[in-house]
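Me: I would like to go through this model and ask what lies behind the terms used for it.

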Amino acid sequence: MASITLTEHDRKELLDRFLRYVAVDTQSDENSTSSPSTEKQKDLARLLVEELKTIGLDDARMDEWGYVWASLPASVPPGHPAAGKIPAVGLIAHLDTYFGTSGGGVTPHVIERYGGGDIRLPGDPEQVIVFADNPNLGACLGHTIVTSDGRTLLGADDKAGIAEIVTLVSWLRRHPEVPHGPIKVAFTTDEEVGRGTEHFDVAAFGADVAYTLDGSDLAEIEDETFCADTAIVTVQGHDVHPGYAKGKMVNAVRVAAAIVSRLEEEFLPETTEERQPYLHAYDVRGDVSKVELKLLVRAFSEEELVRREDSLRAVIDEVCRLFPAARVALEIKESYRNMAYKIAEDPRVLEFAFEAVRRLGLEPKRKAIRGGTDGARLSFMGLLTPNIWAGGQSFHSVQEWVSLDWMVKAVEVTAHLLGVWVERSKP
Ligand SMILES: [Zn+2]
């Protein structure tokens, strides 16, 4: 087994790279219909193409959607027993940052040898990362911590992942003795607005399996997402002049309110965590004559998803008995499914990632994402893609922070992972 430990110099290179990337504003826009949703995402894409070329990934290029593509050929010599048989591994991260928080003029704040306690952000006295509210800070004593100055997000989501992948390929170029198969790199745009795979050509990418580096905590591998549907409830009422409405008016607003008020308290986003499912009434619009109510349905299995939808049907039936003249229709639209259903098709994808974590001397933690991810969509497009930690914490917020030490471990685990794919591909 090749020795895989980043030196002090590698670590500095990783930090410099990360600081360079967060300085480029790549905030996406959920209301834009163009691709990428904001042109400025291409500024970082262009910079990355240049860096990858300098490192020696000569085929690095940006496409019209702002995606960056590059590849590194296998390092195993032609005589190696696994030569030509090692699956190509894709490494993916996203260029854009969250649309809801400013990503312009990011001024990173680097804390060397973090000694514990609250972190007061220098650009806004109101912004304090409270030690007691961030249990992971306790796990990062002595680490190098990076935050923003409190006026913008930091952008570790997902520029930590990008810096880790670029550092890894640069490190591999300088360590030809470390065995790896073909590596395919992709940096995508608009992940935060749910369009990160819109223009992703899985066949052209050429990877047999892939990993996103877009998670949070050390040793965490995520292979599960929600099963997700959207429920649309349409209530037809009957509007009459309110002064003369007795016995005639059917108020759709009251019918919709009755439905929302009957949703089970124990299955709401604000009352659930971990593997618990929920129903979330998130949008209501209309008037006396017609109301449209939208709900998110989320669960980790299709069976539980159906149970939540049945509970909504039961509520609607009950309300219809109270308002017999109202007409209520329910439409269910599928959003996405738990990626674990797909990833189970090739157990190696997860197993090898766990083995790589163990080679770092850590116990792998399998985690389920209470949301969607590009990896989930890619998995259903035929490219199985679990998610590896990138180190960032408190995503999407001005209090976002990252541990450089956890970023270093993300680079090392990915190097180990490539090695496991080589070893296990031997005939
Ligand atoms: Zn992300």
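Me: How many bridges join strand 3 to strand 8, and how do the two strands run?
Reply: This is a predicted model. In it, six bridges join strand 3 to strand 8, and the two run parallel. Two strands pair if there are at least two bridges between them, so strand 3 and strand 8 count as paired. One bridge partner of His94 is Thr188 in strand 8.

Me: How many bridges join strand 3 to strand 9?
Reply: Four bridges join them, again in parallel. At least two are needed, so strand 3 and strand 9 are paired as well. Here Gly90 has Ala210 of strand 9 as its bridge partner.

Me: What is the order of the strands in the open sheet?
Reply: The open sheet has eight strands in the order 1-2-8-3-9-16-10-15, with mixed pairing.

Me: What makes strand 1 and strand 15 edge strands?
Reply: Strand 1 (61–62) and strand 15 (365–368) each pair on one side only. For strand 15, four bridges join strand 10 (residues 220–224) to it in parallel, with Glu224 opposite Ala368.

Me: What makes strand 3 mostly covered?
Reply: Six of its six residues are buried. Val89, Leu91 and Ala93 point one way, while Gly90, Ile92 and His94 point the other way. In a regular strand the side chains alternate between the two faces of the sheet.

Me: Which strands does helix 4 lie across?
Reply: Helix 4 (residues 156–174) lies across strand 2, strand 3, strand 8, strand 9 and strand 16, and runs at about 145° to strand 3. Helix 9 (residues 348–359) lies across strand 9, strand 10, strand 15 and strand 16, at about 170° to strand 10.

Me: Which atoms coordinate the zinc ion?
Reply: The zinc ion is coordinated by His94 (NE2), Asp157 (OD) and two OD atoms of Asp214, at 1.9 to 2.6 Å. A donor must lie within 2.8 Å of this metal, so these atoms qualify. Asp157 in helix 4 and Asp214 in strand 9 are 57 residues apart, and the pair links distant parts of the chain.

Me: Why is the arrangement around the zinc ion called irregular?
Reply: The four donor atoms subtend angles of 52 to 147°. A tetrahedral site needs all angles between 85 and 135 degrees, and a square planar one needs opposite donors over 155 degrees apart, so the arrangement is irregular.

Me: Why does Asp157 count as buried?
Reply: Its relative accessibility is 6%, and buried means under 20%, so Asp157 is buried. Asp214, at 15%, is buried because that value is also under 20%.

Definitions and conventions: Residues numbered from 1 in each chain as written. Predicted model: local features only at pLDDT ≥ 70, side-chain atom pairs only at ≥ 80, totals over all residues. Heavy atoms only, no water. Contact = heavy atoms within 4.5 Å. Axes fitted to C-alpha atoms, helices over the stretch in contact; angles between N-to-C directions. Donors = N, O, S within 2.8 Å, 3.2 Å for Na, K, Ca; no water. Tetrahedral: all angles 85-135°; square planar, octahedral: opposite > 155°, others 65-115°. Buried < 20%, exposed > 50% of the residue type's maximum accessible area, 1.4 Å probe, protein only.
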